[in-house]
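This report walks through one protein chain, pairing by pairing. Keep the sequence and the 3D view open while reading.

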Amino acid sequence: MTRKQRRMTIIGGSLAVLALAAALVLNALRDSIVFFSTPTMVAEKHVQPGTRFRLGGLVQPGSLQRGDNLAVTFEVADGGAKLPVAYKGILPDLFREGQGVVAEGALDANGVFKADTVLAKHDETYMPKDVADALKKQGHWKDDYGAQASDKASGGAKPAATTAQGNSQGAMR
């Protein structure tokens with residue numbers, strides 16, 4: 001074997017060992033790589049009580065109940081399944097029914113998710129004012145950014161349609 005062949009054999013062997021190590025690490029962390037599990041995923045995986053994970057979904061409208069000493073219960077759903085959540089502490093400002101949420105904790109023996117951290121998610125159309133101003137200055141501003149922001153500021157109310165006689169149709173909020 002020449003020096004070049006030995007060097008290439010060592011490099012090839014090193015790369016193979018490195019690839020095997022990376023594959024083993026990724027396989028071991030396969031379940032931990034997911035940012036959060038939905039209620040449907042929790043039901044499908046049959047998560048054991050006491051196992052810590054992140055639960056994500058939408059807070060079901062009408063499910064929020066406040067108790068004593070900052071205790072809160074609500075349901076998180078993903079369209080396919082619901083999971084009751086119990087939390088004790090101060091909720092984030094953006095937390096509300098119908099809003100996205102990610103909670104960290106574990107299931108108890110009764111199937112209730114006991115959260116020790118609750119994070120509220122804002123929607124994808126959120127844009128800070130300074131970012132919007134910078135986009136306007138650079139000429140990258142799109143008209144639908146302003147329309148989405150004004151719809152959110154007005155609570156989603158759209159103006160009523162007007163007939164040819166000038167009478168407005170539709171209910172005003």
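## Strands 2 and 3

Arg-66 has Val-72 in strand 3 as its bridge partner. This pair belongs to an antiparallel pairing of strand 2, residues 65-66, with strand 3 over 2 bridges. The model is predicted.

The two strands make a hairpin, with 4 residues between strand 2 and strand 3. Asn-69 sits in the turn and has a positive phi of about 55 degrees.

## Strands 3 and 4

Strand 3 also pairs with strand 4. The sense is antiparallel, and the pairing runs over 7 bridges. Within this pairing, Thr-73 stands opposite Ala-86 in strand 4.

Strand 3 and strand 4 form a hairpin as well, with 4 residues between them. Which residue in this turn has a positive phi? Gly-79 does, at about 100 degrees.

## Strand 1 and its partners

Strand 1 pairs with strand 3 in the antiparallel sense over 2 bridges. Val-59 has Val-76 in strand 3 as its bridge partner. Leu-58 stands opposite Ala-77, also in strand 3.

Strand 1 pairs with strand 5 too. That pairing is antiparallel and spans 7 bridges. Here Arg-52 stands opposite Ala-106 in strand 5.

## The largest nonpolar core

The largest nonpolar core holds 18 residues. Those that touch the most other members are Leu-55, Phe-74, Val-85, Phe-95, Phe-113, Ala-115 and Val-118. Five elements are listed as giving two or more residues to this core: strand 1 (52-59), strand 3 (71-77), strand 4 (82-88), strand 5 (100-107) and strand 6 (113-120).

Phe-113 is worth tracing in the viewer. Leaving out residues up to four places away in sequence, Phe-113 touches Phe-53 and Leu-55. Phe-113 also touches Leu-83, Pro-84, Val-85 and Ala-86. Its remaining contacts are Ala-103, Glu-104, Gly-105, Ala-106 and Leu-107.

## Thr-38

Thr-38 lies in the loop between helix 1 (3-28) and helix 2 (39-45). Is Thr-38 buried or exposed? Its relative accessibility is 18%, so Thr-38 counts as buried, since buried means under 20%.

The side chain of Thr-38 makes a polar contact with the side chain of Asp-78, at 3.1 Å. Which residues does Thr-38 touch, not counting those up to four places away in sequence? They are Leu-55, Gly-56 and Asp-78. Leu-55 appears again here: it is one of the core residues that touch the most other members, and Phe-113 touches it too.

## The chain as a whole

The protein chain has 4 helices and 8 strands. From the N terminus on, the order of elements is α-α-β-β-β-β-β-β-α-α-β-β. The chain has 173 residues, and buried residues make up 20% of them.

Now the contacts. Among those with a separation of 6 or more, 44% join residues 24 or more positions apart. The chain exposes about 12700 Å². Carbon and sulfur atoms supply 57% of that area.

Technical notes. Residues are numbered from 1 along each chain as its sequence is written. This is a predicted model: local features need pLDDT of at least 70, side-chain atom pairs count only at pLDDT 80 or more; totals for chains, interfaces and linings use all residues. Side-chain values use heavy atoms; hydrogens and water are left out. Buried means under 20% relative accessible area, exposed over 50%, partly exposed in between (1.4 Å probe, protein chains only). A polar contact is a pair of N or O atoms within 3.5 Å; within protein, one must be able to donate a hydrogen and the other to accept it, and residues adjacent in sequence count only if both atoms are side-chain atoms. Contact means heavy atoms within 4.5 Å. A nonpolar core is a set of buried Ala, Val, Leu, Ile, Met, Phe, Trp, Tyr and Cys residues joined through side-chain atoms within 4.5 Å. Two strands pair if DSSP finds at least two bridges between them. Accessible areas come from the Shrake-Rupley method with a 1.4 Å probe; for residues, only the protein chains shown count as cover.
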